[in-house]
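Please open the structure in your viewer and keep the side chains ready to display. The stops that follow concern aromatic rings and how they sit against one another.

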Amino acid sequence: MPLPRDAFRAALATYELDDARAYARQIRWFRKNETENGHVASVSIHAVLRASALRTSAKTLTREAAFWERWFRAALETAPVGLRGGFQTSETWIRVSTEREVVTAAWSALAFSLAFAFGVLYGASRSARLAALATVSVGHVATTFLAFAVLRGWSVGVVEAVCTMVLVGLSLDYILHVAGAYVRIEDGCRKTRARGALTAVTRSVASGCSTTVGAALFLLGCTVTFFTKFGLFITWTLTAALVQACVVFPATCAVCGP
């Protein structure tokens, strides 16, 4: 190297026929109906990543992508002028970019969902104080799930992002039932209204939670990671929501409710 053009094409053709390297490169030649018949159109060199696209977190894969980009740019600086238009890419980098956008959207959805939950609660109760207390309880449910995910060693990926997007909606139902029952009881002090709300809806809320959690338990026996994680998500979130709806939220209403 460097070789004359004709000698280079011949050497490249010989290299292409080497089966030992077939997995690592792909050469595209111009076809007969193209103007530069017999010339090399493009050459791709394949490399094995140090991390698995399926088992590695997006943060680690982002560092992997940055490593390969730095390495390739350094290689291009010393490459012949005709090869400096090369670039490195991978389907894994596309997955990482997609996952990063999904995670960002999940956190935004969580924030907007809490704000929307406050609006729904305020519209149902006509009390800003009760809506605020209920929204705090929903936020507590979301916080407990995020803490559970950290303790389980989950990294924030597509599955966790999907769970985060639906987290508030799944947590709101039981608390909204108790808040509605509290509003409908107009006579008595805070403690009396909180006790009456629990008497009115506890059985139905607990029944709904038991059937949903019972159905989600079957997902825990799946071998696909998405189903097992989603089953754990439903089980934990609904159990935490039940505790908030039947214990924490009525207690806060009894102390500082409207």
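## A tour of the aromatic rings

Begin by selecting Phe145, Phe148, Trp154, Phe226, Phe227, Phe230, Phe233 and Trp236, which ring pairs join into a cluster; bear in mind throughout that this is a predicted model. Across the whole structure there are 10 aromatic pairs.

For the next stop, select Trp68 and Trp71, whose ring centres are 5.7 Å apart and whose planes meet at 75°, so that the pair is edge-to-face, given that planes over 60 degrees apart fall into that class. Colouring helix 2 (residues 58-77) shows that it holds both Trp68 and Trp71, set three residues apart, or about one turn of the helix. If you then display the surface, Trp68 has 17% relative accessibility and therefore counts as buried, whereas Trp71, at 47% relative accessibility, counts as partly exposed.

Now move to Phe230 and Phe233, an aromatic pair with 5.6 Å from centre to centre and 45° between the planes, an arrangement that is tilted. Both Phe230 and Phe233 belong to helix 8 (residues 225-256), where they are three residues apart, about one turn of the helix. Which of the two classes, buried or partly exposed, applies to Phe230? With a relative accessible area of 22%, Phe230 is partly exposed, because the buried class is reserved for values under 20%. Phe233, by contrast, has 0% relative accessibility and counts as buried.

To finish, show the cluster again with Phe230 and Phe233 highlighted, since both are among the residues that ring pairs link there, together with others including Trp154 and Trp236.

Terms used
Residues are numbered from 1 along each chain as its sequence is written. This is a predicted model: local features need pLDDT of at least 70, side-chain atom pairs count only at pLDDT 80 or more; totals for chains, interfaces and linings use all residues. Side-chain values use heavy atoms; hydrogens and water are left out. Rings of Phe, Tyr and Trp (its six-membered ring) pair if their centres lie within 6.5 Å; planes under 30 degrees apart count as stacked, over 60 as edge-to-face and the rest as tilted. Helices (H or I, at least four residues) and strands (E, at least two) are DSSP runs, numbered from the N terminus. Buried means under 20% relative accessible area, exposed over 50%, partly exposed in between (1.4 Å probe, protein chains only).
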